[in-house]
Amino acid sequence: MAQQAKKVQQLDRVIIRFAGDSGDGMQLTGDRFTAESAAFGNDLVTLPNFPAEIRAPQGTLPGVSSFQVHFADHDILTAGDAPDVLVAMNPAALRANLGDLPKGATIIVDTADFTARNLTKAGYADNPLDKVGEPDDSLGEFTVHAVDLTGMTVAAVKEFGLSRKDASRAKNMFALGLLSWMYGRPTETTVAFLERRFAKVADIRDANITAFKAGWNFGETTETFAVQYEVKPAPMAPGTYRNISGNLALAYGLVAGGVASGLDLLLGTYPITPASDILHELSKHKAFGVTTFQAEDEIAGIGAAIGASFAGKLGVTSTSGPGVALKSEAIGLAVMTELPLVVVDVQRGGPSTGLPTKTEQADLLQAMFGRNGEAPVPIVAPQSPGDCFDAAVEAVRIAVTYRTPVFLLSDGYLANGSEPWRIREVDELPSIDPAFATEPNHVVKVREDGTEETEFWPYLRDEETLARPWAIPGTPGLEHRIGGLEKGDGHGNISYDPGNHDFMVRTRQAKVDRIAASLPPLEVDDPSGEAKVLVIGWGSTYGPIGAGVRRVRKAGFNVAQVHLRHLNPFPNDLGDILKRYDKVLVPEMNLGQLSLLLRGKYLVDAIGYNHVRGLPLKAAELAEAIGQLVADAEGVSVDLTPTTAQEVS
Amino acid sequence: MTTTDLPVPGLRSGTEGVPAADGPQTSKEFSSDQEVRWCPGCGDYAVLKAVQSFLPDLGLRRENIVFVSGIGCSSRFPYYLDTYGMHSIHGRAPSIATGIATAREDLSVWVVTGDGDALSIGGNHLIHALRRNVNMTILLFNNRIYGLTKGQYSPTSEAGKVTKSTPMGSVDHPFNPVSLALGAEASFVARTIDSDRKHLTSVLAAAAAHRGTSLVEIYQNCPIFNDGAFDAIKDNDTKADAIIPLVHGEPIVFSGGSRGLVRAANGGVEIASVEEVGLDAVLVHDAHDADPTTAFAISRLTELGYLDRSPIGIFRQVERPTYDDQARAQVETARSNVDGTPHDRLAALIGGGDTWTVV
């Protein structure tokens with residue numbers, strides 16, 4: 001595209017939020033801007049936020065859909081607390097997001113939708129754009145660019161003969177073009193994307209590409225926008241990168257687990273937000289021996305996965321919290337039958353139907369305890385979208401090695417959020433050995449001629465892992481029956497013996513506890529070694545906790561951070577680490593579930609920092625809480641006001 | 001939304017793909033070392049014996065047979081057979097069997113369930129297994145009572161039944177399992193009786209040979225909580241009038257040939273005197289009829305109160321592609337269209353999309 005002719009200002013990071021009606025294509029716009037930024041080499045983190053309704057009433061506050069992208073010339077951890085730029089496609093989008101904007105933020109508004117009707121729907125008595133510069137200007141703290149994006153889009157694509165309605169649909173691409181110009185994004189990926197996406201409808205394809213280019217050219221030629229900004233690429237560790245969302249990385253991780261173990265995978269599942277994309281993705285990978293079974297309900301989904309595991313496949317089921325509730329009895333069956341199984345829970349706001357499209361971490365105790373009887377299940381949690389890949393592989397490793405169901409606890413933020421991900425080398429994958437049983441394993445008696453009479457005992461255990469043998473149908477001589485009734489130790493026949501039950505309950509627990517021996521030491525981030533406060537978290541709070549910790553350190557104070565991938569069992573060194581610090585802070589998007597577990601197991605005075613707003617924790621607020629604790633622990637006064645104009649992120 | 005034409009597989013036997021036994025087998029080989037613990041006189045014994053005698057005739061390798069059950073008296077069945085087996089959770093056996101059957105073509109998959117397990121708590125899984133036509137045989141032991149929980153009415157109990165949970169009589173309207181299965185698009189539906197070893201065995205053979213979900217309802221007496229429920233169809237004095245035998249290609253007659261089924265004026269099926277209407281007017285049973293309407297009409301002749309009339313035999317047996325064959329075919333088709341090792345293809349998959357390299 002054309003040469004830059006305007007002033008270029010350097011920035012080290014920018015947070016943009018695209019907001020519009022759910023039908024305005026804001027998720028796609030955000031996605032494309034993200035892809036452009038990734039291709040440019042920025043570090044980035046994204047936060048999609050959309051209503052549960054597919055098309056909430058048009059123009060209303062509940063119908064607003066947004067996509068926030070934070071990109072920087074350095075390593076960043078969160079999608080950012082507050083947007084520097086808001087793109088609002090209608091009055092509702094403006095009103096719904098205004099409260100999140102810091103003073104001085106830039107607002108770009110599409111004026112076309114600021115009609116009396118839409119203003120009323122959004123709850124505006126008067127058009128706020130008419131008041132700009134007046135004494136009662138509600139937008140006075142911001143730099144407002146009111147532009148008729150729709151009108152210019154329709155004019156730009158006139159040559160394609162589309163109806164006004166169809167033509168105006170390309171307004172999101174016009175907005176994308178404008179923002180792409182403002183931040184010097186490369187445009188090739190978006191043009192190529194539009195060519196692919198609309199390959200079969202030439203006029204729509206051309207209209208979108210034309211609108212995109214028109215948006216760029218508008219930025220360059222109009223005097224409304226005087227400055228173009230530049231955010232340089234971020235230095236990253238060597239490797240090949242791609243942008244990836246959590247659900248995609250998780251699906252790839254499951255495929256990788258299948259490849260690493262040599263097992264075909266069967267996903268038994270029922271569609272549920274925000275986990276359905278895992279089903280969609282895996283259904284594309286049949287060539288890897290992946291079968292996806294869309295069941296009649298959540299229970300049948302896990303039932304088929306357990307059946308597949310019994311038959312020697314890698315059984316996986318995917319769901320969200322309400323689905324876990326329905327699967328609980330079947331998870332207990334998998335505990336009792338000691339079959340490998342991965343249970344993916346992409347957590348969302350609860351209880352009950354709760355907030356289907358919003359994030360939360362409140363299923364930890366459900367995963368830990370949500371079954372009848374003593375039914376221990378290992379729990380693995382990813383900490384970032386890309387990390388869903390490694391966490392999924394780890395869940396497969398534990399499930400197959402220890403013959404147990406494993407919870408993989410993702411959440412809505414990880415599922416839909418994205419970040420640059422260093423693509424794993426396939427030879428980095430762990431080796432996972434299904435080690436199917438092929439021979440009888442128990443000597444019944446030695447005959448007089450010295451030969452042995454043998455049989456197969458399905459509950460004779462490996463001494464190291466306590467895993468039982470996995471003997472699959474089709475293996476002659478190993479015919480056996482398993483089920484939900486208590487098993488006799490070793491032979492596995494039904495047993496109501498009191499002593500046997502006590503032994504088996506303890507043995508199932510001990511098997512899960514043994515997993516800790518296979519875990520690497522925790523990485524404690526304590527650069528000075530002098531911190532008195534430890535911040536410990538799990539799952540998607542990794543980003544906000546890391547960003548909060550950085551702020552505290554930047555202000556000159558000491559704080560340590562450790563993040564848990566394994567929630568059950570806890571790593572063996574966790575107890576010692578907790579003891580090293582005077583204060584332990586546990587930020588979570590729940591009312592203190594990890595806190596409860598840490599208190600119960602280690603008798604540590606874990607202090608909770610808890611928000612359940614359906615959104616990721618805000619790093620700045622968390623930093624204040626950490627700072628307060630550091631002040632208490634060290635008897636000093638802590639002021640986190642940044643010493644330079646540029647805040648850390 | 002679009003649809004795509006799925007490849008139509010050729011007609012195959014239900015056991016095709018399952019390895020055959022090396023030589024003759026005995027019923028003893030199929031008996032496990034576990035003590036059978038049903039109540040004395042329970043109809044389950046007769047069915048177990050019949051299955052243990054039938055399996056050697058099936059001629060499949062023992063290790064390639066899997067029995068899955070839910071919860072209830074009959075669901076203890078797998079423990080007594082020396083095959084692979086899983087005694088699972090209440091009502092869910094069809095879903096577990098679906099996973100097994102889809103995962104492995106080389107297994108002969110059987111589900112053992114009861115009227116409570118299959119029709120109450122597991123009703124959803126039953127109808128969806130039937131609709132999908134997963135290659136498995138479901139033996140539904142119908143004793144019209146809850147036995148394991150000690151005598152509450154079941155979804156097949158007659159209205160007005162006085163039980164522990166219904167001292168003034170049950171106000172539930174019962175299911176007719178055959179009608180339900182036909183309504184759920186089942187491709188094979190049969191009914192037989194625990195005490196009629198010969199008929200039971202012939203139905204088992206037909207069910208096993210059918211590729212798809214075969215539903216076999218077995219009337220089974222519970223001597224403790226519902227004794228005599230099937231006396232009318234078992235008693236030598238009454239059974240000729242109570243049982244309407246269904247044999248494919250034969251006129252449907254009973255009561256020693258004096259009564260038969262004829263087409264009713266409303267398009268349904270009714271009972272008539274053969275002498276009055278003549279044998280030519282009697283319906284000839286067509287289990288292979290693509291249209292299930294007549295089979296359904298015949299199933300409605302089952303008495304829902306005290307069982308003194310019931311059609312017995314194979315109601316419907318039609319060929320339809322199975323879920324598991326088609327699901328496996330899609331995987332195989334996808335596999336045959338790619339080259340390279342799984343590791344190389346995985347590297348290409350995760351390294352796809354827009355990438356950039358930092359050195």
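Biologist: How far apart do the C-alpha centres of domain 2 and domain 3 of chain A lie?
Modeller: In this predicted model, those two centres in chain A are 27 Å apart.

Biologist: And how many residues does each one put into the contact?
Modeller: Domain 2 of chain A gives 15 residues, and domain 3 of chain A gives 15 residues.

Biologist: Which elements give two or more residues on the domain 2 side?
Modeller: Helix 12 (321-337) and helix 14 (387-402) of chain A. Helix 12 of chain A has the largest share there, with four residues.

Biologist: What's the mix of nonpolar, polar and charged on that side?
Modeller: The domain 2 side that touches domain 3 in chain A has eight nonpolar residues, four polar ones and three charged ones.

Biologist: Where do the domains of chain A start and end?
Modeller: Domain 1 covers 7-231, domain 2 covers 242-428, domain 3 covers 442-517 and domain 4 covers 533-634.

Biologist: Switching to the open sheet, what's the strand order?
Modeller: The nine strands go 19(A)-2(B)-1(B)-3(B)-4(B)-6(B)-5(B)-11(B)-7(B), and the pairing is mixed.

Biologist: Which strands sit at the edges?
Modeller: Strand 19 (481-483) of chain A and strand 7 (243-246) of chain B, each pairing on one side only. From one strand to the next, the twist averages 20°.

Biologist: How many bridges join strands 5 and 11 of chain B?
Modeller: Four, and the two strands run antiparallel. In strand 11 of chain B, B:I314 is the residue opposite B:A190.

Biologist: What does UniProt say about residues 71-218 of chain B?
Modeller: An unreviewed UniProt entry annotates them as "domain: Thiamine pyrophosphate enzyme TPP-binding". That span of chain B is 32% helix and 20% strand, and its end C-alpha atoms lie 17 Å apart.

Key:
Residues are numbered from 1 along each chain as its sequence is written. Chains are lettered from A and ligands numbered from 1 in the order in which they are written. This is a predicted model: local features need pLDDT of at least 70, side-chain atom pairs count only at pLDDT 80 or more; totals for chains, interfaces and linings use all residues. Two strands pair if DSSP finds at least two bridges between them. Axes are lines fitted to C-alpha atoms, for helices over the stretch in contact, and angles run from 0 to 180 degrees between N-to-C directions. UniProt positions are given in the numbering used here, feature names are shortened, and annotations may be inferred rather than shown by experiment. Domain bounds come from an automatic or database domain assignment. Two residues are in contact if their C-beta atoms, placed from the backbone, lie within 7 Å. Ala, Val, Leu, Ile, Met, Phe, Trp, Tyr, Cys and Pro count as nonpolar, Asp, Glu, Lys and Arg as charged, and the others, Gly among them, as polar.
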